[in-house]
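Here is a friendly walk through one protein chain, with the structure open beside the text. We will go from charged pairs to cores, rings and a hairpin.

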Amino acid sequence: MLILDEMQARGHESLKLLHHAPSGLRGVLAVHSRVLGPAIAGVRLREGDEELAVRGALALSESLTLKAALAGLNYGGGACVLLMPEAGVEDPHAREALFRALGRQVQHMNTRVVLTEDIGVTPADIAFVAQETPATLGMNTDTSSVTGYGVYRGMKAAAKHALGAESLRGVRVAVLGVGAVGRTLAQHLSREGAKLTVADFRPDRARALAEELDHVTVVSVEELFDVPCDVLAPCGYGHSIPSAEVPRLQCRLIAGGEHHPLTRRGEEAVKEAGILYMPDFAINSAGLIAAATGVNMDQAGERVYQTVGRIMSVATQYGKPPHVVARKMAERRIDLIGSLVHV
């Protein structure tokens, strides 16, 4: 009943359980909204339990609705979270079976849901899904790299208002999570001359990045919350900034690629702390834009830059938090385009 209450509170349309014993498929597919078009659903493959998968899918699908709306795409929001099979997916045949089973489970929904890659999933995996259903995107897009570049461009747009200049040379940026998106972001920041501090729940990844780039300091995740910096860039799996830790933050701006780095309580906490927060659905949409429209990385990054700049301008003009302005802008487009069905 608590899950149903959450679905009602967030305005979700449906939640489908996915299961196929031979392939090890276990997961959930959440559809939040189809007002703007079919629900585009990022597919994640991760360790975890059923409750985390369900709650993750509900949060991600709502974020995708807002992301698609802000990006000007004619898609709604969905999310598919798969639990890692007990036997793993190192065997290429096992991986093929898992994702083809997913395709078969959702093929009857091909007019309502479009699947694309997300954390732990590759374009090759989506190609397996596409063998069973035509409703896929992103097979020819390096989504993580494009997303990381878009976050970098969005950070520059936000810094123009939050820090007084869009140049990130000499700016202190703390990156939390250096997987595919965080690593790409750090590479772009390093090339511009930002001063980087990085942390990851897998310390070996942070150390490897520090060996690749110049002038990178590695700390633990716990230590990162106390690092003096201008920008904190969360790029983990979600809710990586606990509300209780917000008073420790020494940044002026939070801008990263992670979905829901803050809870609603955390958003209120950063507002009270005077920290500007650019939400994930505004700044991490470049990969989605490229997959959905076929534009290249530079074009997708420019669209993120323009969107974030517009949000910051309105927020500055009216004295409102950027994350509140971003949500209002997304909801306004959904309401306006949704009203066209009644014309």
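Let us begin with a charged pair: Glu212 and Arg183 form a salt bridge, with 2.3 Å between the closest N and O atoms. Glu212 belongs to helix 7 (residues 203-212) and Arg183 to helix 6 (residues 180-192), so this pair links distant parts of the chain, 29 residues apart. Both ends are partly exposed: Glu212 has a relative accessible area of 38%, and Arg183 has one of 30%. Please keep in mind that this is a predicted model.

How many salt bridges does a search of the whole structure find? The count is 22. Three of them are set out here, with the distance between the closest N and O atoms.

| Acidic residue | Basic residue | Closest N and O atoms |
|---|---|---|
| Glu212 | Arg183 | 2.3 Å |
| Glu62 | Arg10 | 2.3 Å |
| Asp226 | Arg248 | 2.7 Å |

The salt bridge between Glu62 and Arg10 also links distant parts of the chain, with Glu62 in helix 2 (residues 50-70), Arg10 in helix 1 (residues 2-10) and their positions 52 residues apart in sequence. Is Glu62 buried or exposed? With a relative accessibility of 9%, Glu62 counts as buried, because the cut-off for that class is under 20%. Its partner Arg10 is partly exposed, at 26% relative accessible area. Both residues are also members of a salt-bridge network, in which Glu6, Arg10, Glu51, Arg55, Glu62, Arg264, Arg327 and Glu331 are linked.

The third pair in the table, Asp226 with Arg248, joins two loops. Asp226 sits in the loop between helix 8 (221-224) and strand 9 (231-234), while Arg248 sits in the loop between strand 9 and strand 10 (253-255); the pair therefore ties together parts that are 22 residues apart in sequence. Asp226 counts as partly exposed, at 36% relative accessibility.

Now to the nonpolar interior. The largest nonpolar core has 62 residues, and Val173, Val175, Leu189 and Leu196 have the most contacts inside it. Which helix gives the most to this core? That is helix 5 (residues 143-162), with nine residues. For a closer look at one member, try Val173: leaving aside residues up to four places away in sequence, Val173 touches Met155, Leu189, Ala194, Lys195, Leu196, Thr197, Val231 and Ala233. There is also a second, separate core of 22 residues, including Ala39, Ala101, Val113 and Val129.

Next come the aromatic rings. The structure holds one aromatic pair, formed by Tyr149 and Tyr152; the pair is tilted, with 6.1 Å centre to centre and 45 degrees between the planes. These two tyrosines are three residues apart in helix 5, so about one helical turn separates them. Both are buried, Tyr149 with a relative accessible area of 13% and Tyr152 at 11% relative accessibility. Another ring has a charged neighbour: Arg153 lies over the face of Tyr305, at 4.4 Å from the ring centre.

Finally, let us visit a hairpin. Strand 1 (residues 14-20) and strand 2 (residues 25-33) pair in the antiparallel sense, over seven bridges. What is the bridge partner of His19 in strand 2? The partner is Arg26. Four residues lie between the strands of this hairpin, and Gly24 takes a positive phi near 85 degrees there.

Terms used
Residues are numbered from 1 along each chain as its sequence is written. This is a predicted model: local features need pLDDT of at least 70, side-chain atom pairs count only at pLDDT 80 or more; totals for chains, interfaces and linings use all residues. Side-chain values use heavy atoms; hydrogens and water are left out. Two strands pair if DSSP finds at least two bridges between them. A nonpolar core is a set of buried Ala, Val, Leu, Ile, Met, Phe, Trp, Tyr and Cys residues joined through side-chain atoms within 4.5 Å. Buried means under 20% relative accessible area, exposed over 50%, partly exposed in between (1.4 Å probe, protein chains only). Contact means heavy atoms within 4.5 Å. Rings of Phe, Tyr and Trp (its six-membered ring) pair if their centres lie within 6.5 Å; planes under 30 degrees apart count as stacked, over 60 as edge-to-face and the rest as tilted. A charge sits over a ring if NZ of Lys or CZ of Arg is within 6 Å of the ring centre and within 35 degrees of the ring normal. A salt bridge is a side-chain nitrogen of Lys or Arg within 4 Å of a carboxyl oxygen of Asp or Glu.
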